[in-house]
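Q: Could you take a close look at the aromatic side chains here and tell me how they pair up? A walk through their surroundings would be welcome too.

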Amino acid sequence: MGKKNDLLNHYLEKAEIFAEFCNVAIYKGQRMILPQDLADAQRNYARMKRGRDGVLRSTVRERDVMKLLCRSPHFVKIALENQDSLHYCMPLRCREYDDLELNSQLTWLKKSHHDAQDLKNGAEYLSGISSSDRLTPVVTIVFYHGKGDWNAARLLSDMLDTAGMDPTLKQLLPDYRMNLVCLQDLPEESFQTGLRDLIALLKRREDKKAMEKYLADNQERLSHIDQELYTLLCVMLNLPGLNRRREQYYNNETEDYDMCTAIRELRKESERIGERRGEKRGEKRGEKRGEERLGALIKCLTLDNRQEDVWAACTDASARQRLYVEYSV
């Protein structure tokens with residue numbers, strides 16, 4: 001996803017934005033998570049992977065966004081993975097991320113005990129951790145903001161071929177549920193930050209009338225947005241022209257950007273360009289039909305040995321029209 005994904009990740013990393021997204025996506029709009037409850041968390045994991053040449057190399061897996069929810073005495077890590085297209089391996093990919101996180105915590109615990117030499121019995125020595133140690137839970141949420149429906153797997157079991165499998169063995173299979181949040185399921189009116197307009201405009205990007213109505217209903221707010229949100233909207237809505245010309249919509253007095261006017265002017269410009277292209281295509285089609293019609297008339301006149309009328313058809317518009325009618329061309 002490149003730049004689009006990077007900008008969205010950066011925006012969602014802000015504590016206020018992250019908290020609001022989780023409150024709407026998880027708690028149906030209740031303010032259960034406050035910005036001050038959140039702390040930055042490591043989102044990079046190093047792992048060893050064998051290449052095609054058989055050599056083990058260190059690789060890095062990186063989550064899109066990760067925060068630590070600090071509510072003493074409980075702590076939970078919440079991760080967001082942003083998707084603008086279907087991913088048929090997403091449940092397995094999310095489970096891999098969760099495993100990397102938990103194993104990272106486990107490695108840290110083992111090192112701490114090894115350095116402290118404080119394990120008490122054989123089971124603790126074997127495990128590398130004490131009986132009272134606990135790992136911090138991790139919750140991964142996939143935010144799908146693509147244009148279509150999510151028609152890919154939502155469970156790990158959806159990826160497994162279990163047709164004809166023994167039912168008893170099938171019940172023993174461990175599963176993994178992917179926590180999926182789809183753009184169309186998010187009520188934009190529940191958001192109070194810039195997420196409200198981002199979600200709403202993304203929903204309406206393919207519906208011109210719905211977009212126009214939203215712009216009209218929310219003109220006051222959309223006429224005064226900050227540069228970060230302006231840039232994000234341009235990229236997410238695939239409007240690079242507006243991003244390049246953003247200074248045209250900057251208000252020096254209020255120090256913000258008029259996204260409402262920018263989108264409307266871009267649409268008008270696109271319509272004018274479309275009209276001009278349509279006119280040119282129409283002119284070319286008309287010229288081609290006129291040439292074909294004149295060619296057919298000249299052929300008829302030549303076959304009838306009417307050379308003077310051939311000259312008239314080529315030089316006199318009124319004579320040409322009279323001959324068109326005569327020959328029904």
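A: Happy to! Rings of Phe, Tyr and Trp (its six-membered ring) count as a pair when their centres lie within 6.5 Å; planes under 30 degrees apart are called stacked, those over 60 edge-to-face, and the rest tilted. By that rule, this predicted model holds four aromatic pairs. One of them joins Tyr144 and Trp150, with 5.1 Å from centre to centre and 75° between the planes. That pair is edge-to-face because its angle is over 60 degrees. Tyr144 and Trp150 are both buried.

Another pair brings together Tyr250 and Tyr257, whose ring centres are 5.0 Å apart. Here the planes meet at 55°, so the pair counts as tilted. Tyr257 has a relative accessible area of 4% and is therefore buried, whereas Tyr250, at 28%, is partly exposed. Tyr250 and Tyr257 also belong with Tyr230 to one aromatic cluster.

Now back to the stretch of chain that follows Tyr144. Strand 6 (138-144) is joined to helix 5 (167-171) by a loop, and Arg154 lies in that loop. Its relative accessible area is 41%, so Arg154 is partly exposed. Setting aside neighbours within four places in sequence, Arg154 is in contact with Pro91, Tyr176, Arg177, Met178 and Leu180. For one of these partners, Tyr176, there is a C-alpha distance as well: Arg154 and Tyr176 are 22 residues apart along the chain, and their C-alpha atoms are separated by 8.7 Å.

Conventions: Residues numbered from 1 in each chain as written. Predicted model: local features only at pLDDT ≥ 70, side-chain atom pairs only at ≥ 80, totals over all residues. Heavy atoms only, no water. Buried < 20%, exposed > 50% of the residue type's maximum accessible area, 1.4 Å probe, protein only. Helix = DSSP H or I, 4+ residues; strand = E, 2+ residues; numbered from the N terminus. Contact = heavy atoms within 4.5 Å.
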